[in-house]
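Me: Hi! I've got a new model open and would like to go through it with you. Can we start with a pair of helices?

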Amino acid sequence: MDKEREGKPKGQDAPKDAPRDMETIRQGLREEVDRLKDLYRELRESVAQGREGAARPALGERWQDQIIFDEIPEGSFVLDLGCGNGELLSRLMAQKAVFGQGVELDPEAALNAMDKGVPVLNADMAEVLRDYGDQSFDYVILESTLQTMKRPVAALKQILRVGKWGIVTFPSFGHWKVWLDLTARGRMPVTSRLPYQWYDTPNIHLFTLDDFMDFCRGSGIVAEKAFCLSEGGIQSLSLDPSRKDFQEETLFQVEEAILFLTKAD
């Protein structure tokens, strides 16, 4: 037997570099967490200084509705997928002479929308979309639902087939509070915009704003306009990667985004 291997358990050679002890590893993790906390603190201070006085929506408010209302022209044909109680469509129909059609799976919410005079189909949105012809609507709205759908890509394709424009909103899982929960606390994130626990969340597709833009660029989809909810309130958002406001620091600040999408020429 080789003398150098005498006394060693069979099949167990000593590693070339002995592993660091557990306390050293933990110390390294603590330092990394402290570094991330400092970064997040700087981000918050930067946003607060740059956007003093920006209006911040109340907890639970559908902040996207006002932006959508402002952006949709009078007389447009609008399909609202998951219209809820019909508040947005009701305003558009009453104040902008919009032809509105809602789709809502929840029977109670659908009835509430009908009480406001909104025409609503109490049906699954995927099935409804298949029944409409190409370019049937000027705008198709999908608010805070994309991440809950089993087939989000198929839904986006149908939205941009049925509508000239797709208006899509979603929470960004790249927000600093999400990262903080995962890295510093070792917990699934729970924030004001992601209020669910891991066992009851409807969110089955987790993605960031950057992920979504990568998908759009690879799928012939153009985001002509974008807005976001960040630490400083509501703001317009440039999606040009060469611009400063598309850099990593800003992406960390985005809690929710709203994008106006269309097919590339």
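Reply: Happy to. This is a predicted model. Helix α2 (residues 64-71) and helix α3 (residues 87-96) pack at an angle of about 30°, and since angles under 35 degrees count as roughly parallel, α2 and α3 are therefore roughly parallel to each other.

Me: How far apart are the axes of α2 and α3?

Reply: Their axes are 10 Å apart.

Me: And is the crossing left-handed or right-handed?

Reply: Right-handed, as α2 passes α3.

Me: Which residues meet there?

Reply: From α2 you have D65, Q66, I68, F69 and D70. On the α3 side, they meet L88, R91, L92, Q95 and K96.

Me: What's the make-up of that contact by class?

Reply: Between α2 and α3 there are four nonpolar, two polar and four charged residues.

Me: Let's zoom out. How many helices and strands does the protein have?

Reply: Nine helices and eight strands. The protein has 265 residues, and 43% of them count as buried.

Me: What about contacts between residues far apart in sequence?

Reply: Take the contacts with a separation of 6 or more: 69% of them are between residues 24 or more positions apart.

Me: Now the interior. Which residues touch the most other members of the largest nonpolar core?

Reply: Those are L81, F212, L259 and L261, in a core of 32 residues.

Me: Which elements give two or more residues to that core?

Reply: Among the strands, β1 (77-81), β4 (137-143), β5 (163-171), β6 (221-230) and β8 (256-263) do. The helices that do so are α5 (125-131), α6 (152-162) and α8 (209-218).

Me: Where does the largest share come from?

Reply: From α6, which gives five residues to this core.

Me: Anything besides that core?

Reply: Yes, there is a second, separate core of 22 residues, which includes W63, I72, L92 and V98. L92 also turned up earlier, as one of the α3 residues that meet α2.

Me: Different topic: where does A264 lie?

Reply: In the segment after β8.

Me: Why does A264 count as partly exposed?

Reply: Because its relative accessibility is 40%, and partly exposed covers values between the 20% and 50% cut-offs.

Me: What is A264 in contact with, leaving aside its neighbours within four places in sequence?

Reply: G220 and V222. A264 and V222 are 42 residues apart in sequence, yet their C-alpha atoms are 5.7 Å apart in space.

Technical notes
Residues are numbered from 1 along each chain as its sequence is written. This is a predicted model: local features need pLDDT of at least 70, side-chain atom pairs count only at pLDDT 80 or more; totals for chains, interfaces and linings use all residues. Side-chain values use heavy atoms; hydrogens and water are left out. A nonpolar core is a set of buried Ala, Val, Leu, Ile, Met, Phe, Trp, Tyr and Cys residues joined through side-chain atoms within 4.5 Å. Buried means under 20% relative accessible area, exposed over 50%, partly exposed in between (1.4 Å probe, protein chains only). Helices (H or I, at least four residues) and strands (E, at least two) are DSSP runs, numbered from the N terminus. Axes are lines fitted to C-alpha atoms, for helices over the stretch in contact, and angles run from 0 to 180 degrees between N-to-C directions. Angles under 35 degrees count as roughly parallel, over 145 as roughly antiparallel, 65 to 115 as roughly perpendicular and the rest as oblique. A crossing is left-handed if the near helix is turned anticlockwise from the far one by less than a right angle, and right-handed if clockwise. Contact means heavy atoms within 4.5 Å. Ala, Val, Leu, Ile, Met, Phe, Trp, Tyr, Cys and Pro count as nonpolar, Asp, Glu, Lys and Arg as charged, and the others, Gly among them, as polar.
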